[in-house]
Amino acid sequence: MYSLAFSILFVALLILTLSVRLWLASRHIQHVLRHRAVVPPEFAEKIPLAAHQKAADYTVARTKFGLVTLVFNSAVLVGFTLLGALQWLSLCVFKVAGPGMKYQIGLLVAFAAISGLIELPFDYYKQFVLEQRFGFNKMSKGLFFADAAKSLLLGAAIGLPLIWVVLTLMDKAGDLWWLYAWLVWSGVQLLMMVLFPSVIAPMFNKFTPLADEALKARIEGLMQRVGFASKGVFVMDGSKRSAHGNAYFSGFGDHKRIVFYDTLLSRLAPPEIEAVLAHELGHFKLKHIVKRIGMMFAISLVFLALLGYLKNQVWFYAGLGVNPLLLPGQSGDALALILFMLVMPVFTFLLGPLLSLNSRKHEFEADAFAAIHADARELVSALVKMYEDNASTLTPDPLYSAFYDSHPPASLRIGQLNLATR
């Protein structure tokens, strides 16, 4: 009875989630197309009509592609769960590996491999058709597959030991296994923050110290004014993959690095670069990074506690098309992990706007910080160039933007900055 009720709840929420996402995407496409013919008045003197229309077409193409992947992924989700594909995969792995840890890890590896193969054609299309069509792709096919291979090896090197530890805790650590697993996971996340700038990121990109001494002096002056210490300012060769530009700082504690895409440096003037960096430093000084990490850890703790309960409930498995009792003498820990990862986005989808709202609040705060420690007019100028260069639409559907976007719409964001210049 409970399993049937859970199946009905799962299907109902999946239909609701799919319907809301299709509706929002349709609104977004129509809204962008309605405003395609005219540049918004506040940008009319800054962005050419051709660039505005390119951004509209790019946004529509990306949104339509997102709809295709959404429908396909929803079908895959139903196939893995209610239609029994995960049950079938579990039995196949069990026949090969036998009971015990080999089966548990083997099932997770097999599921990850199948999921990766399913996603690969979509990633390929996005890079070599969609991004190529709008002039953003700079990646060769060789580099694309090399990145995929590196990601696979890196994922195995980090993921397999972590999976083994978590599965061991699930089997041996009693009812509080989820708490110990959370401590391990949190430690790994913190370690990755330390290792990412100096170990992981250089596996994919080349980082060179900023050579422009005048710009470097300007940046160091800004860092001194706001009290930020870093391990250096670096330029990343983002242009070998994409024409999109960005800037960020990575790392944790004494391992923080400031990184500029080479595409961004080639487009912005030094005062604009300083203003963009002031925004990024605002996230640090206002403790947005710490707050986000804290939120991530808190949410993961709640989810692991929930998984600790669900893994012992037969209705959780049966309601999602799996019967772990078909494997005699074998726990369903790996099945529980996979099912939980599969269905949680369905059950948490409607919480997304709350996270987006919090993120947009942080963006406004970082802009205000930048307006104090740099020139707000230069940040406006930089943002306009970045909107144009990245083909970011200036006219998103307000409801779609509120639901999904981590950054405020261009008109609101620049409007707030213009107030700071008066």
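**Strands, helices and salt bridges**

Me: Is Ala214 buried or exposed?
Reply: The relative accessibility of Ala214 is 59%. The cut-off for exposed is over 50%. This is a predicted model. Because 59% passes that cut-off, Ala214 counts as exposed.

Me: Which helix holds Ala214?
Reply: Look for the run of residues 213–226. Ala214 has its place in that run, which is helix H7.

Me: What distance separates the C-alpha atoms of Ala214 and Pro270?
Reply: Along the chain, Ala214 and Pro270 are 56 residues apart. In space, their C-alpha atoms are separated by 8.6 Å.

Me: Which residues point the other way from Val233 and Val235 in strand E2?
Reply: In a regular strand, side chains alternate between the two faces of the sheet. Strand E2 covers residues 233–236, and its four side chains are buried. Val233 and Val235 point one way. Pointing the other way are Phe234 and Met236.

Me: In what order do the four strands form the open sheet?
Reply: E1 and E2 pair in the antiparallel sense over three bridges. E2 and E4 pair in the parallel sense over four bridges. The pairing in the sheet is mixed, and the order is E1-E2-E4-E3.

Me: Which strands stand at the edges?
Reply: The four strands form an open sheet, in the order E1-E2-E4-E3. An edge strand here has a single partner strand, so one side is left without a neighbour in the sheet. That description fits E1 and E3.

Me: Which residue in E4 is the bridge partner of Met236?
Reply: Met236 belongs to E2, where it stands opposite Phe207. Another E2 residue, Val233, stands opposite Ile258 in E4. For Met236, the bridge partner in E4 is Tyr261.

Me: At about what angle does helix H9 run to E3?
Reply: Helix H9 spans residues 270–285. H9 lies across E3 and E4. Its angle to E3 is about 35°.

Me: How far apart are the closest N and O atoms of Asp147 and Arg241?
Reply: Asp147 and Arg241 form a salt bridge. Asp147 lies in helix H5 and Arg241 in the loop between E2 and E3, so the pair ties together parts that are 94 residues apart in sequence. Both Asp147 and Arg241 are buried. Their closest N and O atoms are apart by 2.7 Å.

Me: Which helices hold Glu274 and Arg218?
Reply: The side chains of Glu274 and Arg218 meet in a salt bridge, 2.8 Å from N to O. The pair ties together parts that are 56 residues apart in sequence, because Glu274 and Arg218 lie, in turn, in helix H9 and helix H7.

Me: Is Glu274 buried or exposed?
Reply: Buried means under 20% relative accessible area. Arg218, at 32%, counts as partly exposed. Glu274 has 10% relative accessibility, so Glu274 counts as buried.

Me: Which residues are linked with Arg218 in a network of salt bridges?
Reply: The salt bridge of Glu274 and Arg218 is part of the picture. The network also takes in a second Arg. Linked with Arg218 are Glu274 and Arg225.

Me: How many residues apart in sequence are the parts that Lys385 and Glu272 tie together?
Reply: The side chains of Lys385 and Glu272 meet in a salt bridge (3.0 Å, N to O). Lys385 is partly exposed at 21%, whereas Glu272 is buried at 3%. Lys385 lies in helix H14 and Glu272 in helix H9, so the parts are apart in sequence by 113 residues.

Methods:
Residues are numbered from 1 along each chain as its sequence is written. This is a predicted model: local features need pLDDT of at least 70, side-chain atom pairs count only at pLDDT 80 or more; totals for chains, interfaces and linings use all residues. Side-chain values use heavy atoms; hydrogens and water are left out. Helices (H or I, at least four residues) and strands (E, at least two) are DSSP runs, numbered from the N terminus. Buried means under 20% relative accessible area, exposed over 50%, partly exposed in between (1.4 Å probe, protein chains only). Two strands pair if DSSP finds at least two bridges between them. Contact means heavy atoms within 4.5 Å. Axes are lines fitted to C-alpha atoms, for helices over the stretch in contact, and angles run from 0 to 180 degrees between N-to-C directions. A salt bridge is a side-chain nitrogen of Lys or Arg within 4 Å of a carboxyl oxygen of Asp or Glu.
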